[in-house]
Amino acid sequence: MMQALGLGRGSIPLHVCRCCCTAAASPSAPAPPRPRNATVLNTRIAAVRASAAQPAQMERTHGEEPARVVKLRAVEATPESFAPFGQVIAASPDGDQFGPHDAQLDLSRGIPRFYIMRLQDRPLKFSSITHHASVTQCLGSIGGQDWYLGVAKPSIVDGPSEQSGQEGRKPLQSRAGHYYLPPDPAEVCVFRVSGPKFLKLNKGTWHAGPLFKRDAVDFYNLELSNTNVVDHTTHHFKKHDGIIFVVED
């Protein structure tokens with residue numbers, strides 16, 4: 001079964017993304033035949049696995065309680081592995097007709113904005129995560145340089161009376177007006193994006209990044225003209241969960 005993230009101060013994290021990961025089957029007993037309609041799900045589950053157990057570490061800021069460092073193993077983003085969060089879009093031949101392999105966009109709630117975003121000094125760690133409730137977002141590096149993105153599944157709910165989520169997390173109201181469940185640290189995964197492709201994030205997908213090893217990388221970004229002003233909901237893991245994520249690759 002899937003392993004939850006231990007939140008005790010002295011715990012040793014074995015981080016497994018609940019939404020799409022399972023433990024490996026025992027080599028001594030082969031798994032029974034699976035239903036054919038489970039093939040795609042099993043492919044996604046097998047594709048996204050977190051790192052093996054790593055010793056717990058603490059990071060302290062002056063005047064604050066120490067934060068626990070949780071190491072995440074990056075997994076290659078493929079159409080199957082990234083499906084719970086959005087799409088991976090690669091090159092297709094000129095003349096291809098529009099289909100499900102293309103980015104399925106929702107830009108209906110404002111003026112689309114397509115621009116080049118220059119980012120600097122984005123090392124492979126994060127302690128906060130963001131979602132946009134009103135738009136799908138597309139991100140890709142110019143020149144196909146490798147980059148990384150931390151993600152968690154959308155958790156937007158209909159209202160404050162919605163049932164609590166994992167670990168008893170209660171719905172909160174965003175400054176954008178909608179309600180959401182705070183992301184569970186145990187459900188955070190990290191993906192590596194290699195080569196000439198881009199990610200389309202579903203509406204509400206939590207994301208941290210882009211992150212990269214270079215000093216600076218340019219990205220093309222498709223969202224709405226006011227996304228970062230009126231539709232930018234952030235959860236701070238360090239403040240609320242006492243956690244900092246570090247990406248290993």
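This passage walks through the largest pocket, the strands around it, a small open sheet, some ring contacts and one exposed helix residue. The model is predicted, so local features are reported at pLDDT of at least 70 and side-chain atom pairs at pLDDT 80 or more, whereas totals for chains, interfaces and linings take in all residues. Numbering starts from 1 along each chain as its sequence is written, and side-chain values rest on heavy atoms, with hydrogens and water left out.

The largest pocket comes first. A pocket here is an open set of points on a 1 Å grid over the protein atoms alone, where a 1.4 Å probe fits and protein lies on both sides within 12 Å along at least five of seven lines; lining residues have an atom within 4 Å of a point. Its volume, taken as the space filled by probe spheres set on points joined across faces, edges and corners, is about 420 Å³. The lining runs to 24 residues, and Arg122, Thr130, Gly209, Pro210 and His232 lie nearest the centre. Two or more lining residues come from each of S5 (112-120), S6 (125-126), S7 (128-131), S8 (137-141), S15 (206-211) and S16 (216-224), strands being DSSP E runs of at least two residues and helices H or I runs of at least four, numbered from the N terminus. S15 gives the largest share, 5 residues. By type, the lining splits into 10 nonpolar, 10 polar and 4 charged residues, with Ala, Val, Leu, Ile, Met, Phe, Trp, Tyr, Cys and Pro as nonpolar, Asp, Glu, Lys and Arg as charged, and the others, Gly among them, as polar.

Of these strands, S8 is worth a second look. Because 5 of its 5 residues are buried, S8 is largely enclosed by the rest of the structure (buried is under 20% relative accessible area, exposed over 50% and partly exposed in between, with a 1.4 Å probe and protein chains only). Gln137, Leu139 and Ser141 point one way from the strand, while Cys138 and Gly140 point the other way. S8 runs antiparallel to S14 (residues 198-201), with 3 bridges between them (strands pair if DSSP finds at least two bridges), and Cys138 faces Lys200 there. Another 4 bridges tie S8 to S16, again antiparallel, with Gly140 partnered by Tyr220.

Elsewhere, an open antiparallel sheet has 3 strands in the order S10-S12-S11. S10 (156-157) and S11 (172-173) each have a single partner strand, so one side of each lacks a neighbour in the sheet. S10 is joined to S12 (residues 179-180) by 2 bridges, and Ile156 stands opposite Tyr180.

On to the rings: there are 10 aromatic pairs, counted when Phe, Tyr or Trp rings (the six-membered one for Trp) have centres within 6.5 Å; planes under 30 degrees apart are stacked, over 60 edge-to-face and the rest tilted. Phe85 and Phe191 sit edge-to-face, 5.6 Å centre to centre and 65 degrees between the planes. They are 106 residues apart, Phe85 in the loop between S3 (75-76) and S4 (86-89) and Phe191 in S13 (residues 189-193). Both are buried, and with Phe82 they make up a ring cluster. In addition, the charged end of Arg113 sits over the ring of Tyr115, 3.6 Å from its centre (NZ of Lys or CZ of Arg within 6 Å of the ring centre and within 35 degrees of the ring normal).

Lastly, Lys239 in helix H3 (residues 237-241) counts as exposed at 68% relative accessibility. Its C-alpha lies 8.6 Å from that of Ala67, although the two are 172 residues apart in sequence.
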